[in-house]
Amino acid sequence: MIKVTFWGTRGSIATPGRKTARYGGNTSCVELRAAGQVFVFDAGTGIRELGLRLEQEFKSKPLTLHLFVSHTHWDHIQGFPFFLPAYHEKNQIFVYGPAGRDKSLDEILRIQMDSDYFPVELGDMKAKISVNEIRDRFSIEGVTVEPFYLNHPAMTFAYRLSDRKQTVIYATDNEPYRYSLHQRPNASLDKSDFPDYLDQKFVEFLANADLLIGEAQYTIKEYQTKKGWGHSPIESLVEFAWRARVKKLALFHHDPLHDDKAVDKMVKHAQRLARVRGGNMKCVGAFEGMKIVVGKADRKRKS
Ligand SMILES: [Zn+2]
Ligand SMILES: [Zn+2]
């Protein structure tokens, strides 16, 4: 069983306010509990609240936590300086992610906490923090985590986390190659099938996931003026997830310009698209505080 909690579901920049209160204004952060371990995807502003919750839960007990950074754009790391468990000597935090283009992951995280930007430096945080650049699949207590490079204007990983029975994939900030390599939204106008080959590799990475936390920032119409920004129109996300036989798709990384009503519309649109394609894939809109227990329904069915 994998327990998933969403602490931040917004993309690009924190978007507080009444109009975004239902889906939430905090940027990317998702907690997963599997095999007795604490895993976290991304350290956007949502990680601050997660930190407060972990403080209550662990109190004086040591906490070991595995933080997987998809990439180092602000909306995926900006909450880390405010993550209270990183300030206690008793805690151990393993950070994993891709190397940057011309800086190491460690360097990038240090730079965001340079005294010009923040009063406490990374090295002054008291927890044991180890920053690890990864490229390949590895295991932690029987839970495997596999990274996969996405198409985004920074070195960016999706992660496939599996406890042998269930699989959760976190794939945010990804532009379909079929559009970005052609710079036009109609793949059929291009003779080359190379972009489709690359998109197919992504579909294969998603194969049979129980839960896909997938980026759905734009509609195809909005996407027309945002090409090259590294984000997905909802139509391709649903198509890829459907082709990969994903069981449940959580729409994630909501655009700052989309208020709750707009996200509701996106979710309904995605559900309609999935229905038209057929099959049993469920689509939900990820909101701050949402919990999904992956594997619970299967257990019920067996008993
Ligand atoms: Zn982002
Ligand atoms: Zn990004």
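This report describes two zinc sites and a seven-stranded sheet in a predicted model.

## The zinc ion (ligand 2)

In this predicted model, the zinc ion (ligand 2) takes its protein donors from His71 (NE2), His73 (ND1), His152 (NE2) and Asp173 (OD), which lie 2.1 to 2.5 Å from the metal. Along the sequence these donor residues follow the spacing H-x1-H-x78-H-x20-D. The angles subtended by the 4 donor atoms run from 90 to 175 degrees, and the arrangement is therefore irregular; four donors would count as tetrahedral only if all angles lay between 85 and 135 degrees.

Two of the histidines at this ion can be described by their accessibility: His71 is buried, with a relative accessible area of 0%, whereas His73, at 28% relative accessibility, counts as partly exposed.

## The zinc ion (ligand 1) and the shared aspartate

The zinc ion (ligand 1) is coordinated at 2.1 to 2.3 Å by Asp75 (OD), His76 (NE2), Asp173 (OD) and His253 (NE2), residues that are spaced D-H-x96-D-x79-H in the sequence. Here the 4 donor atoms subtend angles of 90 to 165 degrees, so this arrangement is irregular as well.

The zinc ion (ligand 1) and the zinc ion (ligand 2) are 3.5 Å apart, and Asp173 coordinates both of them. Because His76 belongs to helix H2 (residues 74-77) while His253 sits in the loop between strand S12 (248-252) and helix H8 (260-277), this pair ties together parts that are 177 residues apart in sequence. His76 and His253 are both buried.

## The open sheet

An open sheet of 7 strands, with mixed pairing, has the order S6-S5-S4-S3-S2-S1-S14. Its edges are formed by strand S6 (128-133) and strand S14 (291-294), each of which pairs on one side only, and the twist from one strand to the next averages 20 degrees. At the S14 edge, strand S1 (residues 2-8) pairs with S14 in the antiparallel sense over 4 bridges, with Ile2 standing opposite Val294 in S14.

## Helices against the sheet

Helix H1 (residues 46-58) packs on the sheet, where it touches S1, strand S2 (29-34), strand S3 (37-41) and strand S4 (64-68), and the direction of H1 makes about 35 degrees with that of S2. Helix H3 (residues 105-112), for its part, lies across strand S5 (92-97) and S6, and runs at about 130 degrees to S6.

Key:
Residues are numbered from 1 along each chain as its sequence is written. Chains are lettered from A and ligands numbered from 1 in the order in which they are written. This is a predicted model: local features need pLDDT of at least 70, side-chain atom pairs count only at pLDDT 80 or more; totals for chains, interfaces and linings use all residues. Side-chain values use heavy atoms; hydrogens and water are left out. Donors are N, O and S atoms within 2.8 Å of the metal (3.2 Å for Na, K and Ca); water is not among the atoms, so sites may look incomplete. Four donors count as tetrahedral if all angles lie between 85 and 135 degrees; four count as square planar and six as octahedral if opposite donors are over 155 degrees apart and all others between 65 and 115; anything else is irregular. Buried means under 20% relative accessible area, exposed over 50%, partly exposed in between (1.4 Å probe, protein chains only). Two strands pair if DSSP finds at least two bridges between them. Axes are lines fitted to C-alpha atoms, for helices over the stretch in contact, and angles run from 0 to 180 degrees between N-to-C directions. Contact means heavy atoms within 4.5 Å.
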